[in-house]
Amino acid sequence: ERPAHRVYVHGYWMDTTEVTNARFAEFVNATGYRTDAERAPLLEEIMANTPPGTPAPDPSQLVPGSLVFTPPKHPVDLHDWRQWWQWVPGADWQHPEGAGSSIADRLEHPVVHVSWRDVQAYCRWAGKRLPTEAEWERAARGGVSGTEFSWGNDPPTNEHITSNSWQGAFPNSTTAADGYARTAPVASFNPNGFGLY
């Protein structure tokens, strides 16, 4: 990210919000697509992406699932993400916290547990593409430059809530002062200068 440098982008379109569970469900219903989290991992693919000499995982672990944010009960070493991300069999876009969870009351929340391949398949179906990093940053800034945040230099606080973010001692304690302990429905907070949420 350093040194900061000027980047030029051509005109492009950006969706107003993240892709919702409802919209992703339309894609799945139209195409029959199954996400990577809904398919058992392939041993050959895992081993092709690990350093030489890495032991193979136990075959009983090769089941559909995904990593789920699981707050520990006490403070932990923040250098080890495994303290708050846990592999959960059965976790996927329709079951965000694993078997027994549902998106029934979260249809307007952003879809989660989707891989790059899943997103590419969605984009092809929707006639869209992912933005480049420069396009994403320009859209996220909302036309503002030279400030710490897209709304100015004042950091978010429990009184100045600008987005769904962690409030409290990460990763074990949140006050959910923004109203949400996990994801929030899209467009729950003020849009930026481009009208994007």
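Select E135 to begin, and show the residues around this glutamate: E135 touches V9, Y12, M14 and R129, not counting residues up to four places away in sequence, where contact means heavy atoms within 4.5 Å. The residue sits in helix 4, and helices (H or I, at least four residues) and strands (E, at least two) are DSSP runs, numbered from the N terminus. At 7% relative accessibility, E135 counts as buried; buried means under 20% relative accessible area, exposed over 50%, and partly exposed in between, with a 1.4 Å probe and protein chains only.

The model on screen is predicted, so that local features need pLDDT of at least 70 and side-chain atom pairs count only at pLDDT 80 or more, while totals for chains, interfaces and linings use all residues. Residues are numbered from 1 along each chain as its sequence is written, and side-chain values use heavy atoms, with hydrogens and water left out.

**Salt bridges**

Keep E135 selected and add R129, because the two form a salt bridge whose closest N and O atoms are 2.8 Å apart, a salt bridge being a side-chain nitrogen of Lys or Arg within 4 Å of a carboxyl oxygen of Asp or Glu. By this rule the count comes to ten salt bridges. Next, select R182 and E97, whose side chains meet in a salt bridge of 3.7 Å, N to O. R182 lies in the segment after helix 4 and E97 in the loop between strand 2 and helix 3, so the pair ties together parts that are 85 residues apart in sequence. R182 is partly exposed, at 35% relative accessibility, and E97 is also partly exposed, with a relative accessible area of 29%.

Then show D105 and R106, which form a salt bridge with the closest N and O atoms 3.8 Å apart. Here D105 is exposed, with a relative accessible area of 65%, whereas R106 counts as buried at 16% relative accessibility. To end this stop, select D36, R39, E45 and R117 together, which are linked in a network of salt bridges.

**From Y33 into the core**

With R39 and R117 still displayed, add Y33, which touches both of these arginines as well as F27, V28, E38, D118 and A121, not counting residues up to four places away in sequence. Y33 also belongs to the largest nonpolar core, whose ten residues are F24, A25, F27, V28, Y33, W93, I103, V111, A121 and Y122. A nonpolar core is a set of buried Ala, Val, Leu, Ile, Met, Phe, Trp, Tyr and Cys residues joined through side-chain atoms within 4.5 Å. Colour helix 1 (21-31) and helix 3 (116-126), the elements that give two or more residues to this core; helix 1 gives the most, with four residues.

**Two pockets**

Now turn to the surface representation. Rolling a probe the size of a water molecule over the atoms shows where empty space is left. The largest pocket has a volume of about 1600 Å³, and of the 50 residues that line this pocket, the closest to its centre are T16, T17, E18, W136 and Y197. On a 1 Å grid over the protein atoms alone, a pocket is an open set of points where a 1.4 Å probe fits, with protein on both sides within 12 Å along at least five of seven lines, and lining residues have an atom within 4 Å of a point. Grid points are joined across faces, edges and corners, and a volume is the space filled by probe spheres set on the points.

Which element gives the largest share of the lining of the largest pocket? It is helix 4, with six residues. By class, this lining has 29 nonpolar, 13 polar and eight charged residues, where Ala, Val, Leu, Ile, Met, Phe, Trp, Tyr, Cys and Pro count as nonpolar, Asp, Glu, Lys and Arg as charged, and the others, Gly among them, as polar.

For the second largest pocket, which holds about 840 Å³ of space, select H5, R6, V7, E137 and R141, the residues nearest its centre among the 17 that line this pocket. Its lining divides into seven nonpolar, three polar and seven charged residues.

**Backbone details**

Most residues other than glycine have a negative phi, and most peptide bonds are trans. Zoom in on F170 and P171, which are joined by a cis peptide bond with omega of about 0°; P171 lies in the segment after helix 4. From there select L78, which touches F170 and P171 as well as W84, not counting residues up to four places away in sequence. L78 is in the loop between strand 1 (65-69) and strand 2, and counts as exposed at 52% relative accessibility.

Finish with two residues other than glycine that have a positive phi. The phi of H113 is near 65°, and this histidine lies in the loop between strand 2 (85-89) and helix 3, where H113 counts as buried at 17% relative accessibility. The phi of A176 is near 50°; A176 lies in the segment after helix 4 and is partly exposed, with a relative accessible area of 22%.
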